[in-house]
Amino acid sequence: MINQRGNAVWNGDIKGSGEISTQSGTVKAPYSVGARFQGEKGTNPEELIGAAHAGCYTMFLTGQLTKAGAQVKQIRTESKVTLDTSGDVPKVVKITLTTEGEVEGITQEEFQKQAENAKEHCPISQLLQAVPEMELASATLK
């Protein structure tokens with residue numbers, strides 16, 4: 001079993017601010033209500049979930065392609081997390097993945113198939129299955 005930790009500290013009331021950090025110390029970023037809902041400087045939970053999802057998905061897809069004998073030069077992925085603030089409480093309602101790969105020894109059809117499989121099976125995708133909608137918007141082989 002592997003355990004990884006993330007930490008958060010909040011100072012003050014809801015108008016306050018805080019800091020989110022990771023066990024490795026690689027991420028140490030300010031966050032606030034303004035950063036989450038009003039585009040102010042800083043990060044927010046949805047942005048961090050998107051980054052974690054994009055990283056996990058890309059690593060998983062690369063592993064699958066490597067096992068299939070393809071030569072991966074580069075995979076780029078965006079995970080867009082949509083937060084609906086129209087109701088009583090904000091809710092993550094959609095995650096959209098867009099991925100692009102520079103891969104030799106594979107067809108566009110096989111890349112699409114592997115990309116869909118990664119969307120279903122990477123550990124963070126599995127964790128996020130409570131989100132009502134998760135789609136692979138595009139999987140483009142360069």
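This is a short walk through a helix packing and an aromatic pair in the structure above. Keep in mind that the model is predicted.

Let's begin with the helices. Two packed helices are described by the angle between their axes and the distance between the axes. Here, look at helix α2, residues 45-67, and helix α3, residues 108-121: their axes come within 9 Å and cross at roughly 130 degrees. An angle that is neither under 35, nor over 145, nor from 65 to 115 degrees counts as oblique, and α2 and α3 are therefore oblique to each other. The crossing of these two helices is right-handed.

Which residues in α2 and α3 meet? From α2 come Tyr-57, Phe-60, Leu-61, Gln-64 and Leu-65, and on the α3 side they meet Phe-111, Gln-114, Ala-115, Asn-117, Ala-118, Lys-119 and His-121. Sorted by class, this contact has seven nonpolar, four polar and one charged residues.

Now turn to the aromatic rings. A pair of aromatic rings is described by the distance of the centres and the angle of the planes. Searching the whole structure turns up one aromatic pair. Its partners are Trp-10 and Tyr-31, with 5.1 Å from centre to centre and 75 degrees between the planes, an edge-to-face arrangement. The pair links distant parts of the chain, as Trp-10 sits in strand β1 (residues 6-11) and Tyr-31 in strand β3 (residues 28-32), 21 residues apart.

Are these two rings' residues buried or exposed? Trp-10 has 29% relative accessibility, so Trp-10 counts as partly exposed. Tyr-31, in turn, has a relative accessible area of 15% and is therefore buried, since buried means under 20%.

Key
Residues numbered from 1 in each chain as written. Predicted model: local features only at pLDDT ≥ 70, side-chain atom pairs only at ≥ 80, totals over all residues. Heavy atoms only, no water. Axes fitted to C-alpha atoms, helices over the stretch in contact; angles between N-to-C directions. Helix = DSSP H or I, 4+ residues; strand = E, 2+ residues; numbered from the N terminus. Left-handed = near helix turned anticlockwise from the far one by under 90°. Contact = heavy atoms within 4.5 Å. Nonpolar A, V, L, I, M, F, W, Y, C, P; charged D, E, K, R; others polar. Phe/Tyr/Trp six-rings, centres within 6.5 Å; stacked < 30°, edge-to-face > 60°. Buried < 20%, exposed > 50% of the residue type's maximum accessible area, 1.4 Å probe, protein only.
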